[in-house]
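Visitor: Could you take me in for a close look at one part of this molecule? I'd like to hear about the charged side chains and whatever sits around them.

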Amino acid sequence: MSATLQHIMLLSASTKINMEAVLDRLIDWGIDAGKNIIGAILIFIIGRFIIKQINRLVSKILRKRKLEVSVETFLKSLLSILLNLVLAFAIISKLGIETTSIAALLASAGVAVGMALSGNLSNFAGGLIILVFKPFKVGDYIDTETADVSGTVKEIQIFHTVLATLDNKIIYVPNGVLSSSAITNYSKQSMRRAEWIIGIEYGEDVDKVKGVLEELIEADTRILKDPAPLVALKALSASSVDIVVRAWAKSEDYWSVYFDMNKKIYDTFNRKGIGFPFPQLTVHQAKD
C-alpha cells in the first residue's frame with residue numbers, strides 16, 4: 001500500500017471519529033436544550049396558575065379590608081406586573097441564559113431606559129398622587145380640559161385611568177396628565193345647582209310667570225328645599241325679559257331634574273298662554 005493511500009485512510013478514519021464526536025455533542029446539547037425548554041414551559045404554565053391564585057387571594061384580602069375600588073385596582077395591577085416579571089426571569093434562567101448578564105446590561109442601559117420611560121414613570125407617579133390626594137375615585141364623573149375628555153371613572157391603573165364616556169366609549173387617559181391638570185369632578189359633592197334662563201315677551205306679567213315657575217318647583221319632590229330655590233328677573237335683553245331659576249338637587253338627580261323642568265316649563269307656558277320671544281327687527285322706511 002502506497003504512502004498516499006495510507007494517509008487518505010487515516011484522514012477518513014479521523015474524520016469519522018470527529019463526526020461521531022460532533023454528533024454525540026449535538027445529541028447531548030439537544031437533550032439538554034429539550035429539557036430546558038420543557039422545564040421553561042412547565043414553569044410558565046405553573047407560574048401563570050400560581051399568579052392567578054395569588055391575584056384571587058389578594059383580591060379577597062383587599063375586599064375584606066374594604067379599600068376604595070380605585071386603590072384596589074391600582075394595587076392589583078402593580079402586583080400583576082411584578083409577578084409576571086418574576087416569572088419572566090425564572091423562565092429566562094431555566095433556558096440557560098445568565099440573568100446576571102441581563103441585569104448588568106439593564107444597569108448599563110439604565111439611563112437610556114429611564115429617558116425612554118420617563119413618560120411612564122410620570123404616569124406611575126401621577127397614579128400615586130391620584131390615590132393619595134383623591135381628586136376623584138372609581139364611579140365619579142369627571143371632565144378635564146387639558147386632555148379634552150370626560151366620562152365616568154371605571155379603573156385607576158398603574159399608568160392610566162380608564163374612563164367610560166356617555167356614549168359608552170372607553171378612553172385610557174395617562175395618569176400624569178390627570179394629576180397635573182385641572183379636573184372638574186361632578187360627583188364629588190352630594191348635591192348640585194341647576195339653572196334655567198327663561199325668556200318671556202315684553203308685556204308679560206312677570207309676577208304671574210314667577211308664580212307659575214315657583215309652582216313647578218314646589219311640585220317636583222326631587223328639588224331640595226334647602227338651599228331654597230330662587231326665581232328672579234335676571235335681565236332685560238334686546239328681545240326678551242330673562243328670568244333666572246336656580247334650584248338644588250341631589251347629584252344623581254341633576255340631569256333628570258334639568259331635562260324634566262325644561263319640558264314642564266315649555267308645556268305649562270303654552271297652556272297658560274305665556275309667550276316665548278323670538279328675535280325681531282323693526283325696519284322704518286324713510287319718506288322722500
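Guide: Here is a walk through the charged side chains, with a few stops beside them. Keep in mind that this is a predicted model.

Let's start with the pairs. A search of the whole structure turns up eight salt bridges, and a good one to look at is Glu195 with Arg246, where the closest N and O atoms are 2.7 Å apart. Glu195 belongs to strand S6 and Arg246 to strand S8, so this pair ties together parts that are 51 residues apart in sequence. Salt bridges can also link up by sharing partners, and that is how Asp220, Arg222, Asp260 and Lys264 are joined into one network. Back at the pair, how covered are the two side chains? Glu195 is partly exposed, with a relative accessible area of 30%, and Arg246 also counts as partly exposed, at 27%.

Now try Lys137 and Asp140, whose side chains meet in a salt bridge of 3.4 Å, N to O. The two partners sit in rather unlike surroundings: Lys137 is partly exposed, at 39% relative accessibility, whereas Asp140 has just 3% and so counts as buried, the cut-off being under 20%. Another pair is Lys169 with Asp167, with 3.7 Å between the closest N and O atoms. Here Lys169 is partly exposed at 49%, while Asp167, at 53%, counts as exposed because the line is drawn at over 50%.

What about a buried charge without such a partner? Look at Asp242, in strand S8, which covers residues 241-250. Asp242 is buried yet has no salt bridge, and the nearest side chain of opposite charge, Lys234, is 7.6 Å away. A salt bridge needs the nitrogen and oxygen within 4 Å, so a charged side chain can be buried and still go without one. Asp242 does have polar company, though: its side chain makes a polar contact of 2.4 Å with the side chain of Ser237, and another of 2.8 Å with that of Ser240.

Next, head over to helix H1, which spans residues 3-64 and holds Arg56. Arg56 is exposed, with 53% relative accessibility. On the surface, Arg56 gathers with Lys52, Lys60, Arg63 and Lys64 in a patch of positive charge.

Helix H1 is also home to Phe44, and with Phe44 we leave charge behind. Phe44 is partly exposed, with a relative accessible area of 44%. It takes part in a nonpolar surface patch of about 1000 Å². Many of the names in that patch are isoleucines, including Ile37, Ile38, Ile41, Ile45, Ile46, Ile50 and Ile54. Leu42, Phe49 and Leu95 are in the patch too.

One last stop, in a loop. Ser187 is found between strand S5 (183-185) and strand S6 (191-200), and strand S6 is where we met Glu195. Ser187 is partly exposed, at 28% relative accessible area. Follow the chain and Ser187 is 45 residues from Ile142, but in space the two are 7.6 Å apart, C-alpha to C-alpha.

To put the charges back together: Glu195 and Arg246 pair up, Asp242 goes without a salt bridge, and Arg56 shares a positive patch on the surface.

Conventions:
Residues are numbered from 1 along each chain as its sequence is written. This is a predicted model: local features need pLDDT of at least 70, side-chain atom pairs count only at pLDDT 80 or more; totals for chains, interfaces and linings use all residues. Side-chain values use heavy atoms; hydrogens and water are left out. Patches are made of residues with over 30% relative accessible area and no salt bridge: like charges are joined within 9 Å, nonpolar side chains (Val, Leu, Ile, Met, Phe, Trp, Tyr) within 5 Å. Accessible areas come from the Shrake-Rupley method with a 1.4 Å probe; for residues, only the protein chains shown count as cover. Lys and Arg count as positive and Asp and Glu as negative; His and the chain ends are not counted. The place of a charge is taken as NZ of Lys, CZ of Arg, CG of Asp or CD of Glu. Helices (H or I, at least four residues) and strands (E, at least two) are DSSP runs, numbered from the N terminus. Buried means under 20% relative accessible area, exposed over 50%, partly exposed in between (1.4 Å probe, protein chains only). A polar contact is a pair of N or O atoms within 3.5 Å; within protein, one must be able to donate a hydrogen and the other to accept it, and residues adjacent in sequence count only if both atoms are side-chain atoms.
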